[in-house]
Amino acid sequence: MSISSQEICILPNKNNLALLQTNGMPGNLYNICSNLPATPTRLERLLRDRELRKYSKCLNDCEAELPSSTQDCFSPDLETSTCWFNDEELLEPVSASRSLNDDGERLDFRASKQRLLVVANRLPVSAVRHGEDSWQLEMSVGGLVTALLGVKEFDTRWIGWAGVNVPDEIGQKALAKALDEKRCIPVFLDEEVVHQYYNGYCNNILWPLFHYIGLPQEDRLATTRSFQSQFDAYKKANQLFADVVNEHYEEGDVVWCHDYHLMFLPKCLKERNSKMKVGWFLHTPFPSSEIHRMLPSRLELLRSVLAADLVGFHTYDYARHFVSACTRILGLEGTPEGVEDQGKLTRIAAFPVGIDSERFIKALELPEVQDHMKVLKQRFAGRKVMLGVDRLDMIKGIPQKILAFEKFLEENPNWRNKVVLLQIAVPTRTDVPEYQKLTSQVHEIVGRINGRFGSLTAVPIHHLDRSLDFHELCALYAVTDVALVTSLRDGMNLVSYEYVACQESKKGVLILSEFAGAAQSLGAGAILVNPWNVTEVASSIGYALNMPADEREKRHHHNFKHVISHTAQEWAATFVSELNVTIVEAQLRTRQIPPPLPIEVAVDRYSCSNNRLLILGFNATLTEPVDTLGRKDSQINEWEPKLRPDLQEPLRKLCDDPKTTVLILSGSARNVLDDNFSDYNLWLAAENGMFLRVTTGDWMTTMPENLSMEWVDSVKNVFEYFTDRTPRSQFEVRETSLIWNYKYSDVEFGRLQARDLLQHLWTGPISNASLDVVQGRRSVEVRSVAVTKGAAIDRILGEIVHNKGMKEPIDYVLCIGHFLTKDEDIYTFFEPELPSEVPASVRPQVPTQVRTSTAGSRAALLLKRNSMSAVEQNKSYSIDGDTLHLMVTDRISFQEGSSVLDLQANDYFSCSVARKRSNSRYRLQSSDEVVTLLRELADHR
Ligand SMILES: O=P(O)(O)OC[C@H]1O[C@H](O[C@H]2O[C@H](CO)[C@@H](O)[C@H](O)[C@H]2O)[C@H](O)[C@@H](O)[C@@H]1O
Ligand SMILES: O=c1ccn([C@@H]2O[C@H](COP(=O)(O)OP(=O)(O)O)[C@@H](O)[C@H]2O)c(=O)[nH]1
């Protein structure tokens, strides 16, 4: 067969090949291409990845059909790579993705597969020892193994625990060698660690909690006492996993950590190598933050997971719960993208797992499976068969299922000899007491019901306490009439997927718990039930058994389509692709994060200068950070920001230094600045610079004359409405702006209300006004477009220069603040490297490194040192109540060769405080660092 077959896929020709290559594909698909013409959006990148995956799969499919003679002509070294496990053998060779172009030239598209290190507590095989250095490997059972066995697109190695204690070196070496053939790498855990980490912390604490069973109740004191040692063992075990990963890691590898056993792993890995690409996926539900809050180690676990680049869950609900836990418990910012902490974004998303459906569908044709099917059909001839396949775990709701079946038999005597329930209950975690109790409980119920409804020749429930092999399982899935999945909570539940995959001919009915993740994907075709409602489950059994063929067909068709298109391969490829994209995005984003302020340099330049200007923001710069988590009732009274007590002394020293001018530039109202700074010798600029005073003088306004404030009343109405409806929110009416603040309210409710409030504003009072709506972290502010700190600064400077009678140009500027983006124009105002827009005719002559103004409105900066009268001539005053109005016009005459600002590039320090992204040159993490900085400056006169 020729491979140019267009029905199968679009094969590369010279043109689209060129396109792939210019995009850096596929050879360097996962490396950042610094010379990309334009940065594609995430969607574009993901779509491109998806296309490439389809494309590469297509090439593989085409190749599988190549005549051997065609295959032979490819170079043999391309054939050596091996791929991930297949069903029985675990390993199979992988072929290269190759093709011919239109001109018959051979193209090799098998980009070397990306190396993937899968790290999970359990390896896909469990080891059984047969002698000092002899091991037998058996497949492990569980959804995680099933899901990951379907992953074939990568050059994968699996790192995990082999489920056995191997204390001796000979045994360890022999096991490592046996596993190596299966591309598995063991992590050796000693018995005590396993007991405390796996049986204890993982399966007795995290597992029940994540499935809403809560923390152990019975022996509360013992659990409380052992909690810390179990958590210590958990961390130790995670570190052991990290050590093995580090040993095998190669640059560029993707490290994919799995499940609740390894929540600490992302942190361990990133601490050692921050460049490692780390993803973490949870196979269980992530519960509501109200449940997660109960965990004594709640903070540490969340923080460790957030060290990953990408965090994945089966469903949107679990992802939502996780984000909510991070906002409520850690006080971090949840965004549609994920969770942000100090500028670092951890992407959070849903990636519903699937199965390798083809494996199941093909297996049905195998003679062994056909034989099993025949035996089963004969064995249960004349009866309908219902199937349950679960690990014997309390989350699976096996007792509830059996009780519902009992109720059905009770209420439907006509069905008593006509239906049977086959329940496969695979023993699991048998060392944990809760699981041992469950086994006896289930046996007891089954015995009672069989005694009640059984006869000499038949029983209604066939209960098996063991696992089945793959062929037996497929046969069971194929011949049964109804599958009954009644999990009380379940991350996904792959049994339901497998059942659907095997029912193409019989079109059996799936009864599925609404508390399984699978309900979100198979809910349309399944009968959804609340497993706690035994009556509902019993009647659903009746409905399923009596369902007409056409309805069964429709329902099955719906689900079958989903199962064959949402496969394990697709799941893994999407996750890894998203992880790669996330890394690219993070690198693009870090470009917007300024570097930390080099405090020593800032201090050094300060001490070398003669006329310094310090511009300090107030809120979150000179105040204590708001502790959103430890909100105490008393704090609600502290709406007004307060200067940090530890800043009083350094600030006083700075203000009293004749070589230093301090300007507090804040959005706050005048009275707030008066209350905090009246005793200092400095300048106050309130309401974003619209009001100005030196503390020895009166307030004056720098407001532009034509500033319209007609909108205030209508915006006030909207703010009042939302304040009434949002507990602990508050609004403030300033003279030039209105601000609604919800920093003490419930974060999520506050954010919802803010969204709603914006809608009201945009569609109502401000729709035609020349206003800006500025969204802060926990606030919404409305102000006139003309009101910004950068717009006010030239007028302020003019007044300061004049008032102080400065004889020397300002040769050092430090401008620090937790400013809104709108106000960051203050940083650019002083930026020496910006091109000048001042007309050449009026531009003064300045040394080359010295800044020149960027706009005519910055005229005050360019005042001739000795002609302060120029300011005088262009200034007018008027008095309105207690406010002195200061009007500075731009009609200032310049003289060549001098300036009030003689600022070299390295004497200018713009610095954002506690902002994730900023246009400032530098950043400080919090006001604590501001304290350090100001103390240092104060000590250098
Ligand atoms: O290895 P064990 O401790 O005996 O437990 C077996 C596995 O159980 C859990 O599986 C989950 O993963 C499935 C696939 O994503 C999902 O469908 C199911 O709902 C989950 O319960 C556990 O998360 C795994 O770590 C265990 O290996
Ligand atoms: O005798 C058995 C019973 C179950 N399974 C497999 O165990 C997995 C169970 O996954 P599921 O997601 O339903 O639940 P989990 O056990 O992971 O909680 C499925 O892939 C089953 O095919 C198996 O291999 N042999």
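In strand S15, the bridge partner of Asp-390 is Ala-425. That pair is a small piece of a longer match in this predicted model: strand S14 (residues 384-391) and strand S15 (residues 419-426) run parallel and are joined by 8 bridges. If bridges are new to you, here is the background: strands of a sheet pair through backbone hydrogen bonds, either parallel or antiparallel.

Now step back to the sheet around them. It is an open sheet of 6 strands with parallel pairing, and reading across it you get S16-S15-S14-S17-S18-S19. Strand S16 (461-464) and strand S19 (527-529) stand at the edges; each has a single partner strand, so one side of each is left without a neighbour in the sheet. From one strand to the next, the twist averages 20 degrees. Helix H14 (residues 398-411) packs on this sheet and touches S14, S15, S16 and S17. The direction of H14 makes about 170 degrees with that of S15.

**Strand S18 and the loop before it**

Stay in this sheet and look at S18. Strand S17 (residues 482-485) runs parallel to S18, and 4 bridges join the two. One pairing to find on screen is Ala-483, whose bridge partner in S18 is Leu-510. How many of the residues of S18 are buried? The count is 5 of 5, so S18 is mostly covered, given that buried means under 20% relative accessible area. Val-509, Ile-511 and Ser-513 point one way from S18, while Leu-510 and Leu-512 point the other way. That fits a general pattern: in a regular strand the side chains alternate between the two faces of the sheet.

The loop between helix H17 (494-501) and strand S18 (509-513) holds Lys-507. Phi of Lys-507 is near 60 degrees, a positive value in a residue other than glycine. Here is why that is worth a look: most residues other than glycine have a negative phi. Glu-687 also has a positive phi although it is not a glycine. Here are the two side by side.

| Residue | Phi | Loop between | Relative accessible area |
|---|---|---|---|
| Lys-507 | near 60 degrees | H17 (494-501) and S18 (509-513) | 18%, buried |
| Glu-687 | about 45 degrees | S22 (683-686) and S23 (691-694) | 2%, buried |

**A sheet with mixed pairing**

Next comes an open sheet of 9 strands, where the pairing is mixed. Its order is S7-S6-S3-S8-S9-S10-S13-S12-S11. Which strands are at the edges? They are strand S7 (184-186) and strand S11 (333-334), and each pairs on one side only. Further in, strand S3 (residues 115-122) and strand S8 (residues 254-258) run parallel, with 4 bridges joining them. To find that pair, look for Leu-116, which stands opposite Val-254 in S8. A helix lies here too: H11 (residues 316-329) goes across strand S10 (310-313), S11, strand S12 (338-341) and strand S13 (344-350). H11 runs at about 150 degrees to S13.

**Two helices side by side**

Time for some helix packing. Two packed helices are described by the angle between their axes and the distance between the axes. For helix H25 (residues 712-725) and helix H26 (residues 747-763), the axes come within 11 Å and cross at roughly 155 degrees. That makes H25 roughly antiparallel to H26, and the crossing is right-handed.

Who makes the contact? On the H25 side it is Val-715, Val-718, Phe-719, Phe-722 and Arg-725. H26 brings Phe-749, Gln-753, Asp-756, Leu-757, His-760 and Leu-761. By class, this contact has 7 nonpolar, 2 polar and 2 charged residues.

Helix H25 also contains Thr-723. At 18% relative accessibility, Thr-723 counts as buried. Leaving aside its neighbours within four places in sequence, Thr-723 is in contact with Ser-729, Gln-730, Phe-731 and Trp-740. Thr-723 and Tyr-742 are 19 residues apart in sequence, and their C-alpha atoms are 8.7 Å apart in space.

**The whole protein**

Finally, zoom out. The protein has 30 helices and 33 strands, and 56% of its 941 residues count as buried. Take the contacts between residues at least 6 apart in sequence: 73% of them join residues at least 24 apart.

Terms used. Residues are numbered from 1 along each chain as its sequence is written. Chains are lettered from A and ligands numbered from 1 in the order in which they are written. This is a predicted model: local features need pLDDT of at least 70, side-chain atom pairs count only at pLDDT 80 or more; totals for chains, interfaces and linings use all residues. Side-chain values use heavy atoms; hydrogens and water are left out. Axes are lines fitted to C-alpha atoms, for helices over the stretch in contact, and angles run from 0 to 180 degrees between N-to-C directions. Angles under 35 degrees count as roughly parallel, over 145 as roughly antiparallel, 65 to 115 as roughly perpendicular and the rest as oblique. A crossing is left-handed if the near helix is turned anticlockwise from the far one by less than a right angle, and right-handed if clockwise. Contact means heavy atoms within 4.5 Å. Ala, Val, Leu, Ile, Met, Phe, Trp, Tyr, Cys and Pro count as nonpolar, Asp, Glu, Lys and Arg as charged, and the others, Gly among them, as polar. Buried means under 20% relative accessible area, exposed over 50%, partly exposed in between (1.4 Å probe, protein chains only). Two strands pair if DSSP finds at least two bridges between them.
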